[in-house]
Amino acid sequence: MARQIAHEIKNPLTPMRLSIQHLVRLKQKNVPEWQSKFDDIATTLIEQIDILSEAASEFSSFSRFYSEELTEVNLKALIKEQITLFNTRDNLEITLDTQLKNALIIARKGQIIRVLVNLISNAVQATEHKSSGEIIATLSAESDYITLSIEDNGPGVPDEFVNKLFKPNFTTKSGGTGLGLYICRSIIEQSQGTITYSRSEKLGGACFTFALKKSE
C-alpha cells in the first residue's frame, strides 16, 4: 500500500517540474506567447496538486483510495490538459488525433488522470534517447465505448516481457517501482473498461489502449 501511494504521489512531479522550468525559459527569452502558456500550464498544475493532496490524505486508509465519486468526464479535455503539461521538451512532439467534439464517459476523474499521467510518463521516458521523439494520443468512439491509444516512437516492449506488463512489481526500468501499469489496469477495470498493449503501427514503439463506456 505504501509503495502504491508513494508512486501516485511521485509520478506527476517530474512533468510538473519540467513544465515550470519550461515557463521559466520562455520568460527569460521574452517569448511572446509566454503568458498564454502560463495560463494553460498553471491550470493543469493546480489540478495535479489537488490530486496529489487527495492521494496523500488517503494514505491513512487504503480502503478509501478508490472512493472517489463517479461523474461524467470529458476524456478529450483531460488528455488535452495532460498534453499541455508534458509537451515541454524541444525534441519531443505530443499530439492529439481525434475527430470527436467531446468524449464523455462515466468515471472517477482523478483516477483517470492518474492513468493518463502514468501512460504519458512511460511514453516520454521511452523517447528520451531519440533525437526526435513523437507521441500520438488517438481518441475515437467505437460502439458503446470511447477508446484512447497512446503511442510512441521508442523501442517498444520486448516480446518476452509483454505478458508481465500489468503485473505488480514488474518493471524494465532501473528505478521503477513496477506499480504504474498495474495501477492503470486496476483503475480501468474498476471502471468496467479494458486496457491492452500492442506494438504501435504508426510509430513503431509502444501502444497502450484503454476503452471505457460512453456516458449515456
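Colleague: What does helix 4 lie across in this predicted model?

Modeller: Helix 4 lies across strand 2, strand 4 (133-142), strand 5 (145-152) and strand 7.

Colleague: What makes helix 4 roughly antiparallel to strand 2?

Modeller: The angle. Helix 4 runs at about 170° to strand 2. Angles over 145 degrees count as roughly antiparallel, so that term applies here.

Colleague: And helix 5, which strands does it touch?

Modeller: Helix 5 packs on the sheet and touches strand 2, strand 4, strand 5, strand 6 and strand 7. Its direction makes about 25° with that of strand 5. Under 35 degrees counts as roughly parallel, so helix 5 and strand 5 fit that class.

Colleague: Why is helix 4 called oblique to helix 5?

Modeller: Helix 4 (residues 75-86) and helix 5 (residues 109-126) pack at about 40°, their axes 10 Å apart. That angle is not under 35, not over 145 and not within 65 to 115, so helix 4 is oblique to helix 5. The crossing is right-handed.

Colleague: Which residues of helix 4 make the contact?

Modeller: Leu75, Leu78, Ile79, Gln82 and Phe86. Helix 5 contributes residues including Ile112, Leu116 and Val124. The contact residues divide into 10 nonpolar, 2 polar and 1 charged.

Colleague: What makes strand 2 and strand 6 edge strands?

Modeller: The sheet is open, with order 2-4-5-7-6 and mixed pairing. Strand 2 (92-98) and strand 6 (194-199) each have a single partner strand, so one side of each lacks a neighbour in the sheet.

Colleague: How do you know that strand 6 and strand 7 pair?

Modeller: Pairing needs at least two bridges. Strand 6 and strand 7 (residues 206-213) have 6, in the antiparallel sense, so they pair. Thr196 has Thr209 of strand 7 as its bridge partner.

Definitions and conventions:
Residues numbered from 1 in each chain as written. Predicted model: local features only at pLDDT ≥ 70, side-chain atom pairs only at ≥ 80, totals over all residues. Heavy atoms only, no water. Axes fitted to C-alpha atoms, helices over the stretch in contact; angles between N-to-C directions. Helix = DSSP H or I, 4+ residues; strand = E, 2+ residues; numbered from the N terminus. Left-handed = near helix turned anticlockwise from the far one by under 90°. Contact = heavy atoms within 4.5 Å. Nonpolar A, V, L, I, M, F, W, Y, C, P; charged D, E, K, R; others polar.
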